[in-house]
Amino acid sequence: MGVLFQVLIFAILSSFLYIIWRILFSCWISPAGVYLKLKKNGFGGPTPNFPLGNHKEIKNISRAAAAAAAASSSSSSSSYITTFSSSETSKISNDIHSSVFPYFSQWQKSHGKTRDLLLLNLLSLRKVFIYWLGTEPFLYIADPEFLRKMSSGVMGKSWGKPQVFKQDREPMFGNGLVMVEGDEWVRHRHVITPAFSPANLKAMSSLMVESTTKMLDKWAALINSGSQEIDVEREITATAGEIIAKTSFGISYENGRKVFEKLRAMQITLFKSNRYVGVPFSKLMCPGKTLEAKKLGKEIDAILLTIVRARKSSNDRCVQKDLLGLLLQENGVDGRLGKMLTTRELVDECKTFFFGGHETTALALSWTLLLLARHPEWQNHLREEIRGVTGDKEIDFTKLAGLKKMGWVMNEVLRLYSPAPNVQRQAREDIQVDDLIIPNGTNMWIDVVAMHHDPKLWGDDVNEFKPERFKDDLYGGCKHKMGFLPFGFGGRMCIGRNLTMMEYKIVLTLVLTRFSFSISPSYSHSPAIVLSLRPSNGLPLIVTPL
Ligand code: HEM
């Protein structure tokens, strides 16, 4: 008995010590090792505190920036958060980096430059430094040349996604393509890519026309009943949700709306709460929100699981030409045995398409309507182009490529108000950049907004809406090819970009042929990051039938 008791105590003690060691290793020793190696390379950055890292500073700087913006909006006319009389729309500033990422903007000025790196002459000043989310060090990158050197030798499958975000966003993306890594990523990408081919996308265009026309009929009815002001962001997001539900898994609007509402609630729960990403045990600090997100995640999984199972067991599993039907078809291709996506993986991919696909596209369209409301001459250019391309006929998928000016407008909007404001990576091997080594395990935060608003890359007119900069140049005249990254870079670039382009052109064509827009006096310009870059107070526009 005595011996047994001693063995038991020993086992409990060893397990306890092992758990402490694992916690110390993953929360402190491993990140600190990466940090020291990075530091040895000469990178600077704000001083972290244990266990919050730079969270406190992030909050303080954000709070001060918001207060300054609010004060200047009440006292003066030029600010980021401003309401407008109809003659004041020129006051909307597209210079958004210091308002959406005030801490990065401040740290770029104070920490980006280090003596060693200047000696190495590797970095253009102030664009690469280290900051901490909790106990996780992040290499901040807003220098396209550094990014090019760093990413040139790394294949898509060798990149990781920061572990800390994977856990945080698990209820949304699960193990879908956005998060999966290594050979698994290759397998998923291989099965999914054909679904997004132009031939397959073509079949989805009529669904887009149908949903958009329904939305526009509703607008016409609203205007007829006397209300000319429409929150176009809310409307377009709902329509894009309907479109992605139908194009992803062909579900009825009712079911699509349920998934959509739950996803939306989950996003708010996850990203609007006071969060401490990277802080050990931070989820325990707001258990209610964590449980709520998990519960919503499970409910969404249950709806999608029912859909996937029903489709798998039905005879016409591959007949429906939506993304799920196409994935089931790819799964059935000979020789794919062992490579097929499981039911669980299909559910995660459906979630990924639904979440990654509708909001980004809806935001691209919403920011476009804001900028077109501000630049009515571009509304006219586009209407003229649409007339030239489609004549009086219904919009036709094969003609979309002819809408060149609309393509410039889309690029310029994605540059100024990039719906995906950053790209993340985690090194899964040591990466050499000239004489520097970025160690295995390094988290990276690539600040797309900073690069898209950098006057050194775009010139002094960087914050002006000038779609014509994309007329003769795919990169809009940017001085570096990696300075324009609306869809990310390398092998992990967005898989849905052709779908988005098609949806963007179809929706915008239909909208512009029926209505014109101006900015509502109740609009307040306050772009903010809630995972995506959103107008935080909605986007009310005055909509007038043509
Ligand atoms: C304006 C619209 C969109 C924008 C701005 C956008 C942006 C992005 C960005 C920045 C990435 C990360 C790329 C990287 O890590 O290098 C990405 C990845 C991805 N996007 Fe999109 N996206 C859009 C639309 C869509 C749509 C419509 C879908 C699907 C229906 C989609 C599905 C995905 C998926 C699955 C990935 C992960 C790709 C991988 O890691 O292999 N996106 N997107």
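Me: Which residues does L541 touch, leaving out those up to four places away in sequence?
Reply: This is a predicted model. In it, L541 has contacts on several stretches of the chain that include L369 and A373. The full set is I230, V232, L369, A373, F517, S518, I519 and S520.

Me: How many residues has the largest nonpolar core, where L541 is among those with the most contacts?
Reply: L541 shares that standing with L139, Y140, I141, L327 and V413. They sit inside the largest nonpolar core. Its size is 136 residues.

Me: Which element gives the largest share of this core?
Reply: The share in question is 16 residues. It comes from one helix, which spans 343-374. That element is α16.

Me: Where does this core lie with respect to domain 1 and domain 2?
Reply: Domain 1 covers 1-39 and domain 2 covers 41-545. Both give residues to the core. The core therefore lies between them.

Me: Which residues are closest to the ligand?
Reply: The ligand is surrounded by 24 residues. Two elements, α16 and α21 (497-514), give two or more residues each to this shell. The closest residues are G357, T360, G488, C494 and G496.

Me: How many residues of the ligand shell come from α16?
Reply: α16 also gives the largest share of the nonpolar core. Around the ligand, α16 again provides the largest share. The number is 7 residues.

Me: How many residues of the ligand shell are charged?
Reply: Nonpolar residues number 14 in this shell. Polar residues number 8. The charged ones number 2.

Me: Is strand β1 largely enclosed or open?
Reply: β1 runs over residues 128-133. V128, I130 and W132 point one way, while F129, Y131 and L133 point the other, and all are buried. Since 6 of the 6 residues are buried, β1 is largely enclosed by the rest of the structure.

Me: Which residue in β2 stands opposite I130?
Reply: β1 pairs with β2 (residues 136-141) in the antiparallel sense, over 6 bridges. The two strands form a hairpin with 2 residues between them, and G134 in the turn has a positive phi of about 60 degrees. Opposite I130 stands L139.

Me: Which residue takes a positive phi in the hairpin of β10 and β11?
Reply: β10 and β11 pair in the antiparallel sense over 4 bridges. P527 stands opposite P535 in β11. The hairpin has 1 residue between the strands. The residue with positive phi, near 70 degrees, is L531.

Me: Is L531 buried, exposed or partly exposed?
Reply: L531 is not a glycine, yet its phi is positive. A residue needs 20 or more other C-beta atoms within 10 Å to count as buried, and 12 or fewer to count as exposed. L531 has 18, so it is partly exposed.

Me: Is D434 buried or exposed?
Reply: D434 sits in the loop between β6 (431-433) and β7 (436-438). Its phi is positive, near 50 degrees. D434 has 11 other C-beta atoms within 10 Å, so it is exposed.

Me: Where is P51 found?
Reply: The peptide bond from F50 to P51 is cis, with omega near 0 degrees. P51 is in the loop between α1 (2-40) and α2 (55-75).

Me: What percentage of the protein chain counts as buried?
Reply: The chain has 21 helices and 12 strands. Its length is 546 residues. The buried share is 45%.

Key
Residues numbered from 1 in each chain as written. Predicted model: local features only at pLDDT ≥ 70, side-chain atom pairs only at ≥ 80, totals over all residues. Near = placed C-beta within 6 Å. Nonpolar A, V, L, I, M, F, W, Y, C, P; charged D, E, K, R; others polar. Core = buried A, V, L, I, M, F, W, Y, C linked by C-beta atoms within 7 Å. Domains from an automatic or database assignment. Contact = placed C-beta atoms within 7 Å. Pairing = 2+ DSSP bridges.
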